[in-house]
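Trainee: Could you take me through one part of this model in detail? I would like to follow a single stretch of chain and see how its surroundings fit together.

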Amino acid sequence: MQRPPHFLIKHISRLSLFALVTMMACAPSPSQAEMPKDPLDSTMWEDLSKRFFGTAPIVFDDKVRVVVPSLVENQAQVPVTADARALRDVKKLIVFADLNPITHVLTLSPRKAKPYISFRMKVEQATPVRAAALTGDGVWHVGGVFLDAAGGGCSAPAMARKMADWSETVGQTQAKLWRELDGSARVRLKVRHPMDTGLATDNTPAYFIETLKVRGSEGKALADIEMFEPVSEDPTLTLMLRLPASTINVELEARDNNGGLFQSSVPAPWRQSQAQ
Amino acid sequence: MKTWKWVASASAVALTAALTVPAQADVSIDDIVNDAATAGDIVSNGIGPQGQRYSTLTKINKDNVSSLVPAWAMSLGGEKMRGQETQPLVKDGVMYITGSYSRAWAIDVSTGREIWQYDHRLPEGILPCCDVINRGGALFGDKFIFGTLDAKLVALNAKTGKVVWSKKIDDFKAGFSSTAAPLIVPSKAHGPILVTGVSGGEFGIVGRVEARKIDTGDIVWSRPTIEGHVGSLNGKPSTMTGKKNETWKGDLWKTGGGATWLGGTYDPDTKLIFIGTGNPGPWNSHMRPGDNRWSCSRLAIDPETGNIKWGFQTTPHDGWDYDGVNEVVSFDLNGTKAAATADRNGFFYVLNRENGKFIRGFPFVSKISWASGLDKNGRPKFNKDNYPGNPKDSKDGKKGKAVFAVPSFLGGKNWMPMAYNQGTKLFYVPSNEWGMDIHNEPVTYKKGAAYLGAGFTIKPIFDDHIGALKAVDPASGKVVWSVKSKTPLWGGVMTTAAGLVFYGTPEGDFKALDATSGKELWSFNTGSGIVGSPITWEQDGQQYLTIVSGWGGAVPLWGGEVAKTVAHLNQGGMVWTFKLPKTVAAN
């Protein structure tokens with residue numbers, strides 16, 4: 001059955017009128033009127049930029065660096081560094097992978113940390129991996145690289161499936177903190193967790209750490225990390241904190257989507273070797 | 001390409017759900033206490049805390065029930081289709097259910113579409129005795145709370161399905177698990193409390209009842225069910241249950257069982273929590289001389305302190321796994337505040353619910369072999385010969401004399417709840433008639449290992465049926481009518497003011513019977529066996545009915561010879577909701 005042609009015409013004219021009004025309304029914002037061309041030329045860019053940035057201004061910016069290995073050995077554990085230290089006043093740093101079945105990997109709210117995070121992630125196929133830093137002026141600075149990889153990292157069961165019982169070790173945390181000469185501190189931590197994506201063929205439900213809070217003296221917020229399923233099993237992260245010399249311990253609190261709460265404390269010793 | 005489509009469809013679903021979710025008000029303690037009288041919602045397990053499973057609705061009646069049609073069906077999917085023993089809850093147009101493998105859903109009642117799903121990540125070593133089932137959740141405030149197979153309680157935000165808090169009940173590796181619907185109870189001292197029991201009676205755990213704060217899940221009081229153990233109140237030791245070694249000789253009370261695996265009911269009249277306690281451990285009764293209180297009992301517990309107000313033991317010194325957790329249903333018996341319970345041991349008991357005094361008791365299944373009847377206090381007149389023999393009396397001490405006992409250990413009635421009709425004044429009891437060969441063996445306690453000391457096989461006792469839905473008169477002690485089922489019944493019953501009784505069969509038939517005569521008025525095949533409990537409520541002027549279908553539970557695993565009668569039944573997992581067609585509903 002064919003629709004009468006006048007219906008189509010009417011419909012189109014209404015649409016174009018709507019589009020015109022919308023364009024006029026948005027005219028003052030140049031970044032919105034001209035969506036910057038994606039340097040990685042990804043088919044997902046348009047959809048994802050709307051999803052992550054909405055109508056906020058976007059610039060592609062080399063100051064936001066994403067470092068990945070040139071050769072991926074294990075697509076379930078791909079080391080990634082997102083580094084926006086070249087920018088000032090970063091409020092948020094998000095990492096996403098365009099072609100992953102679950103796109104959003106994590107969000108760092110640096111608070112008293114540098115806008116820097118190293119971690120490991122799963123990739124389901126070769127994909128752009130991007131980091132976007134939101135600065136205090138409301139602009140998103142986007143950087144990224146194309147990661148070449150074999151597939152399957154998100155749909156393979158976690159290694160924990162092969163253990164007698166992951167529930168005995170879940171939440172166990174290892175961490176170490178180093179003071180740097182510039183007064184900052186580097187913390188490296190690993191929380192044992194299956195980080196199940198819910199996409200594995202054995203029907204294991206999604207089970208992953210959703211939030212990681214990093215706290216200093218008297219509960220002062222140093223950094224907040226929101227994590228999603230693509231972060232690798234047993235999340236292993238490196239952060240750079242601005243830590244007062246008086247801080248004795250840094251507190252970590254991870255919470256998973258089953259309500260599991262895992263708390264640990266990392267000693268923050270102030271030690272400097274004497275020049276002999 | 002595949003990836004792109006996945007993302008697109010996921011965001012579309014999220015958008016639709018956000019737009020269509022009905023406005024949800026918080027569930028108050030009054031909503032729960034008055035649940036039986038308010039037909040617009042179901043906010044308690046048992047359709048009212050007294051557990052009568054009686055609805056005042058009459059729009060669906062004897063004349064039009066045959067016209068019922070499905071309004072919608074929703075699959076529980078995930079290729080995790082095991083027994084679905086849940087009773088749904090409904091509030092403000094949203095249905096809340098639990099499913100196999102510790103899952104939970106919120107469903108939009110007007111469309112049957114999922115609002116959220118919560119999948120609990122279960123560890124590999126869980127030890128559920130009787131399938132990976134769950135019997136339902138509790139609603140309070142803005143939370144939906146349910147127990148998991150790894151012995152946790154999880155409180156979800158009812159609007160989003162996100163975890164608000166999660167509390168470990170106990171170590172699942174020791175055999176603990178949680179499958180019963182939690183109970184919400186008012187208290188003066190602590191405000192509304194969340195009352196739960198524990199599962200794991202086959203693993204030498206000690207049963208207990210716990211009350212928690214609903215906001216945080218923190219424990220308010222704890223009451224062990226086995227004598228000699230001490231309870232707690234506000235973080236301090238409170239009173240001892242019974243008197244140490246009074247009815248348990250030696251040390252076995254320390255691993256004495258009495259699991260509270262079915263949860264409880266609450267009576268707003270007497271302000272008491274009623275809870276059943278399971279079998280003593282081990283099954284081998286020769287190892288634990290004495291009555292073994294309070295195993296196989298009904299306890300009345302004060303919500304303020306967790307102290308036991310009264311106890312009634314249905315099977316003292318149990319030797320047959322007459323795991324008497326069966327629900328206590330409060331009702332009015334010609335002006336007496338009574339309560340009834342249909343026990344695993346085959347007897348139906350009517351008690352005074354204010355003091356636990358025995359009013360009457362009588363068999364509700366045929367051919368009971370272990371006792372010839374009950375004395376004036378309700379204590380069984382034991383047939384001593386029907387205890388499985390002591391292994392110590394055998395030549396090698398390894399296997400005692402076998403006996404054939406009726407009912408079987410799966411009981412004259414198992415977990416599946418009965419219903420009480422205030423109009424007909426009858427109880428509708430889903431019963432099973434079967435026996436077992438049972439013998440005793442020596443056993444020692446080992447953490448996480450079955451603590452039985454018995455071997456057993458269930459056998460039918462009639463050619464034509466195992467299951468029978470029975471209408472029982474608590475005033476006369478008579479079975480008024482009985483509708484036979486070839487297979488064992490394993491699902492709950494509901495009755496309405498329109499004189500209807502609803503229940504499901506392992507063959508998957510959801511049926512409506514005439515409450516007075518037992519005549520079948522309607523039947524609908526749901527595609528898999530029914531082991532869940534039905535509900536009915538009214539929304540937008542229409543009366544709805546829901547049953548969750550999905551075969552499973554203890555029978556296929558423990559049914560012995562009887563398991564053959566159900567071996568051909570296929571698993572499923574489907575929520576079915578029914579209503580009358582508009583043309584019929586208008587008449």
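**A close look at the β30–β31 hairpin region of chain B**

Mentor: Happy to. This is a predicted model, and chain B contains five helices and 40 strands. Its radius of gyration is 23 Å, close to the 25 Å that the globule rule gives for 587 residues, so chain B is as compact as a globular protein of that length. Along the principal axes, the C-alpha trace of chain B spans about 70 × 55 × 50 Å. Of the 587 residues in chain B, 58% are buried. Among contacts in chain B with a separation of 6 or more, 60% are between residues 24 or more positions apart.

Now to the part itself. Strand β30 of chain B covers residues 434-440 and runs antiparallel to β31(B), with seven bridges joining the two. One pairing to pick out on your screen is Gly435(B), whose bridge partner in β31(B) is Lys459(B). Strand β31 of chain B, residues 454-460, has side chains that alternate along its length. Ala454(B), Phe456(B), Ile458(B) and Pro460(B) point to one face and are buried. Gly455(B), Thr457(B) and Lys459(B) point to the other face and are not buried. Lys459(B), the partner of Gly435(B), therefore belongs to the face of β31(B) that is not buried, by the cut-off of 20 or more other C-beta atoms within 10 Å.

Follow the chain into the loop between β30 and β31 of chain B and you find Pro442(B). Pro442(B) has 16 other C-beta atoms within 10 Å and is partly exposed. Leaving aside neighbours within four places in sequence, Pro442(B) is in contact with Pro391(B), Gly397(B), Lys398(B) and Gly453(B). Pro442(B) also lies 8.4 Å from Met287(B), C-alpha to C-alpha, although 155 residues separate them in sequence.

For another antiparallel arrangement, turn to the open sheet of four strands in chain B, ordered β3-β4-β5-β6. β3 (89-91) and β6 (113-119) of chain B stand at the edges with a single partner strand each, so one side of each has no neighbour in the sheet. On average, neighbouring strands of this sheet are turned by 20° against each other, direction ignored. Within the sheet, β5 of chain B (residues 103-108) runs antiparallel to β6(B), and six bridges join them. There, Ala104(B) has Tyr118(B) of β6(B) as its bridge partner.

Finally, step back to where the chains meet. The contact takes 17 residues from chain B and 17 residues from chain A. On the side of chain B that touches chain A, α1 (2-20) and β10 (163-168) of chain B each supply at least two residues. The largest share, four residues, comes from α1(B). By character, the residues on this side of chain B divide into seven nonpolar, five polar and five charged.

Note on methods
Residues numbered from 1 in each chain as written. Chains lettered and ligands numbered in written order. Predicted model: local features only at pLDDT ≥ 70, side-chain atom pairs only at ≥ 80, totals over all residues. Contact = placed C-beta atoms within 7 Å. Nonpolar A, V, L, I, M, F, W, Y, C, P; charged D, E, K, R; others polar. Buried ≥ 20, exposed ≤ 12 C-beta atoms within 10 Å, placed from the backbone. Pairing = 2+ DSSP bridges. Axes fitted to C-alpha atoms, helices over the stretch in contact; angles between N-to-C directions. Rg over C-alpha atoms; globule rule 2.2 N^0.38 Å.
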